[in-house]
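Hello,

Here is the structure I promised to pass on to you. Have a look at it first, and then read on for what turned up.

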Amino acid sequence: MPHQAVLWYDFAMKKILFSAFLAVLLSSVLPAASKTFDMYVIDVEGGKALLLISPSGESMLIDTGFPGSDDRDAKRIAEAVKAANLKQIDHMVTSHYDGDHVANIGATAAKVPMKAFYDHGDAAVKDPRTTESVQAYLALAAKAKRVVVKPGDKIPFKGIDTLVVTAAGKHITTPVKGGGAPNPYCKDTQPMKWPRADEDNSENGNAVGLLFSYGKFRMLDLADLTWNREMELMCPNNPIGPVDLFMVSHHGNDISNSPALVHGLQPRVAIMHNSTRKGGAIQTMQTLHTSPGLEDIWQLHWAYAAGLEHNTPSLFIANTEDNATVANVLLNPPATFGQPGAGRPGPGGPPPPGGPGGGRGEHTGPAFWIKVSAQSDGTFSVTNTRNNFTKTYAARK
């Protein structure tokens, strides 16, 4: 080998060895890149679809939104699954059997494989639409693994402590770490009386509620749990303690989201699965805005019911209406889900179009999701994919 070639070869080998040594040295003194607990709050316009990815890469989907001949919600869920670089859903949780939560599961499973199914057991109601949804769900779950959960159970979501706090009308009775203290907000919260229907024994009142913990970060999602069931969980003592993130119950309707629950949890951030005409009730928005320590509310849609005074700033809203539509809504307020005569869940209203859960929203334009990324030290960020606005929340002190 010529002398110059030998020198070049010797120099190249030394460079490679030095680079390898430097990489080893840096890996020993620098912390490993932090893995995150990611969440995609998918827009199914007044239904529910929440995609979760653990730091280990396992996936969980809570509910699948509305059915429809156009497979709208199934497509939106599949888009989020693709964005998260997933091939399947490891854990499919059906919080309850109302149509806006379960009736789209067949279309979704046709697009995204599902490994295991979790639910609260037998349906609480026997109306034809619910029975049809349950039968379709059970036929799908029978082809895989099905688990009926109860309060106190844990779903084996690798990397995330996932505790069932409510299911089938029951709740945990043993406080979790950080919980168990008297709840001062119970004394000013009165039970709700249902004029015509016992909502507490509806599918909503039987919903599966989950507490997720990743190190110091904590998130609570009670699906559509009703006001009185919330009080049974949270009063007189608060078994959960403070949380960082609260997935606003029941799309922001005011037969849920009692002060005993929301103020007792003292969340720093709240995210609402609402549509333009479903959720965002004024009472709920007032409860959120006055919750101790709350920093921000994020919404999937600008809520007609909340008006200018109670909607969160548009920076925090994933899907907004054009100015002409908003102006028309303010001048000629349309009926919104939950108003008297507009159907459940407003106390005493007639059954809504499309069965329990209400009719699906028909927002025009693209559908944007809200993404959350949490670290084990309690730090988390929330991103509005409509405008790419991101806000990071430091760990709770």
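The hairpin of strand 7 and strand 8 has two residues between its strands, and one residue there caught my eye: Ala168 takes a positive phi near 55 degrees. Please keep in mind that this is a predicted model.

The two strands of that hairpin, strand 7 and strand 8 (residues 170-171), run antiparallel and are joined by two bridges. Ala167 is the residue that stands opposite Lys170 in strand 8.

Strand 7 has another partner as well. With strand 10 (residues 209-214), strand 7 pairs in the antiparallel sense over five bridges. If you want a place to start looking there, Thr162 stands opposite Phe212 in strand 10.

How much of strand 7 is buried? Six of the seven residues in strand 7 (residues 161-167) are, so the strand is largely enclosed by the rest of the structure.

Phe212 comes up again among the aromatic residues. Ring pairs link Phe212 into a cluster with Phe37, Phe157, Tyr214, Phe217, Phe380 and Tyr393.

Counting through the whole structure gives 13 aromatic pairs. One of them is formed by Tyr97 and Tyr137, a tilted pair with 5.9 Å centre to centre and 50 degrees between the planes. This pair links distant parts of the chain, since its two residues are 40 residues apart. Tyr97 sits in the loop between strand 4 (89-93) and helix 3 (99-102), while Tyr137 belongs to helix 5 (residues 128-141).

Are these two tyrosines buried or exposed? Residues count as buried under 20% relative accessible area. Tyr97 has a relative accessible area of 1%, so Tyr97 is buried. Tyr137 is at 0% relative accessibility and therefore counts as buried too.

Now for the chain as a whole. You will find 10 helices and 19 strands in the chain. Of its 397 residues, 53% are buried. The accessible surface of the chain comes to about 17,500 Å², and carbon and sulfur atoms hold 58% of that.

One last number on how the chain is put together: among contacts with a separation of 6 or more, 72% come from residues 24 or more positions apart. The pair of Tyr97 and Tyr137, 40 residues apart, is an example of two distant parts of the chain being linked.

Happy browsing, and do write back with whatever you notice.

Best wishes

Conventions. Residues are numbered from 1 along each chain as its sequence is written. This is a predicted model: local features need pLDDT of at least 70, side-chain atom pairs count only at pLDDT 80 or more; totals for chains, interfaces and linings use all residues. Side-chain values use heavy atoms; hydrogens and water are left out. Helices (H or I, at least four residues) and strands (E, at least two) are DSSP runs, numbered from the N terminus. Buried means under 20% relative accessible area, exposed over 50%, partly exposed in between (1.4 Å probe, protein chains only). Contact means heavy atoms within 4.5 Å. Accessible areas come from the Shrake-Rupley method with a 1.4 Å probe; for residues, only the protein chains shown count as cover. Two strands pair if DSSP finds at least two bridges between them. Rings of Phe, Tyr and Trp (its six-membered ring) pair if their centres lie within 6.5 Å; planes under 30 degrees apart count as stacked, over 60 as edge-to-face and the rest as tilted.
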